[in-house]
Amino acid sequence: MIIRIGDHNNPAVVHLTEADRLDRLHVEAEAGATHSQIDAALRRAAAGSFADGAAGPLIFADWIRGQCGDDDGPWATAFGAMLDHAEKKGWYSPAGGAIEAHVEYRDREAAAVPAIRQGLAADEFRAAFRGHPAGVAVITADDGSGPVGLTATSVFSVSAEPPLLVFSVSHISSSSPTITASESVVVHLLSVRDLWLAKLCATSGIDRFADTSTWSRLPTGEPYFPAASRWLRAAVVSTALAGTSTIVTAQALESGSGLDDDHINEAPLVYHNRTWHALRRHSELEVRVG
């Protein structure tokens, strides 16, 4: 969520936006705004203020609840989970009642451009991509609060020099806060023999790491599944909000494989039209030139 200071209609306003995005808490101010100016605005709105030694302003949790209304049960539950995560990271103290927020700066001209509100309906958009197959991956991470893993079909490579990859994580995923807060991740690129792993990390409400025989940790600390066909350890380079997801760019640091010589050419696992598929040799098309 974002505590926005000022907009092109009223530079004195302080209000909460994107209240359903609970994987981060940022204060957005105009480029060039000083800490004292941000502090004054937050005090005026009774939202909070900077504290000695804090990297970001402290925003009162009760102020946020007041902006959203505490009668929203699902939101209150998700917000409570965010506070628990923030407390583990040292960003929140129940005794003080305030969460430490990061500060983002925005260009005045960019802020004056209204957001695009209209677009293709969500159901139509999903239907279009239902017919677009995608490779399957599992992403694991641990920011110090425990290992998490999720199944993703959004992984793709963007550069070989340097070796960069991109994926997205939905804000409704319980793994999202840990992945976006981690300095590094492990991206497992799955073949058909890894279907069990894709299903495991796509199932909600379970402990995906309960079976300690299936996973381990790399010497650098990241959790991973050694039997997975291929995996890449990658350092997170940047994150960016995109609708109800966060886009993560990461640089590959090392790779490994759980395949032996007999299975090195195992068919890749593909997700298409809401189900799993194997991309095998018989699917190859004959391409004629001329």
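**Exercise 1. Backbone geometry at two non-glycine residues**

Task: In the predicted model, locate Arg-274 between its flanking strands, and determine what sign its phi has and whether it is buried or exposed.

Solution.
1. Arg-274 sits in the loop that joins strand S19 (269-272) to strand S20 (275-278).
2. Its phi is positive, at about 70 degrees, although Arg-274 is not a glycine.
3. Most residues other than glycine have a negative phi.
4. The relative accessible area of Arg-274 is 60%. Exposed means over 50%, so Arg-274 is exposed.

Task: Carry out the analysis for Glu-18: in which loop does it lie, what is its phi, and what is its relative accessible area?

Solution.
1. The loop between S2 and S3 holds Glu-18.
2. Glu-18, likewise not a glycine, has a positive phi of about 50 degrees.
3. With a relative accessible area of 30%, Glu-18 is partly exposed.

**Exercise 2. A peptide bond**

Task: State whether the peptide bond from Glu-161 to Pro-162 is cis or trans, and place Pro-162 in the fold.

Solution.
1. Omega for the bond from Glu-161 to Pro-162 is near 0 degrees, and the bond is cis.
2. Most peptide bonds are trans.
3. Pro-162 belongs to the loop between strand S12 (156-160) and strand S13 (163-170).

**Exercise 3. Packing of two helices**

Task: Describe how helix H2 (residues 61-68) and helix H3 (residues 73-88) pack, and identify which residues make the contact.

Solution.
1. The axes of H2 and H3 are 12 Å apart and form an angle of about 160 degrees.
2. Angles over 145 degrees count as roughly antiparallel, and H2 is therefore roughly antiparallel to H3.
3. The handedness of the H2 and H3 crossing is right-handed.
4. H2 contributes Ala-61, Ile-64, Arg-65 and Cys-68 to the contact, while H3 contributes Trp-75, Phe-79 and Leu-83.
5. Sorted by class, the contact of H2 with H3 has six nonpolar residues, no polar ones and one charged one.

**Exercise 4. The nonpolar cores**

Task: Identify which residues of the largest nonpolar core touch the most other members, and which element gives the largest share of this core.

Solution.
1. The largest nonpolar core has 27 residues, of which Ile-3, Ile-59, Ile-64, Phe-79 and Ile-99 touch the most other members.
2. Two or more residues come from each of strand S1 (2-5), strand S2 (14-17), strand S3 (26-30), helix H1 (35-44), H2 and H3.
3. H3 supplies the largest share, five residues.
4. Beyond residues up to four places away in sequence, Phe-79 touches Met-1, Leu-22, Ala-61, Ile-64, Arg-65 and Ile-99.
5. A second, separate core has 15 residues, among them Leu-165, Val-169, Ile-179 and Ala-234.

**Exercise 5. Two threonines**

Task: For Thr-178 and Thr-249, find which element holds each, and whether each is buried or exposed.

Solution.
1. Thr-178 is part of helix H6 (residues 176-181).
2. Buried means under 20% relative accessible area; Thr-178, at 6%, is therefore buried.
3. Neighbours within four places in sequence aside, the contacts of Thr-178 are His-85, Ala-141, Asp-142, Asp-143, Ser-145, Gly-146 and Val-148.
4. Thr-249 belongs to strand S18 (residues 245-257).
5. Its relative accessible area is 17%, so Thr-249 is buried.
6. With neighbours within four places in sequence again left out, Thr-249 contacts Leu-165, Val-166, Ala-235, Val-236, Val-237 and Ser-238.

Conventions: Residues are numbered from 1 along each chain as its sequence is written. This is a predicted model: local features need pLDDT of at least 70, side-chain atom pairs count only at pLDDT 80 or more; totals for chains, interfaces and linings use all residues. Side-chain values use heavy atoms; hydrogens and water are left out. Axes are lines fitted to C-alpha atoms, for helices over the stretch in contact, and angles run from 0 to 180 degrees between N-to-C directions. Helices (H or I, at least four residues) and strands (E, at least two) are DSSP runs, numbered from the N terminus. Angles under 35 degrees count as roughly parallel, over 145 as roughly antiparallel, 65 to 115 as roughly perpendicular and the rest as oblique. A crossing is left-handed if the near helix is turned anticlockwise from the far one by less than a right angle, and right-handed if clockwise. Contact means heavy atoms within 4.5 Å. Ala, Val, Leu, Ile, Met, Phe, Trp, Tyr, Cys and Pro count as nonpolar, Asp, Glu, Lys and Arg as charged, and the others, Gly among them, as polar. A nonpolar core is a set of buried Ala, Val, Leu, Ile, Met, Phe, Trp, Tyr and Cys residues joined through side-chain atoms within 4.5 Å. Buried means under 20% relative accessible area, exposed over 50%, partly exposed in between (1.4 Å probe, protein chains only).
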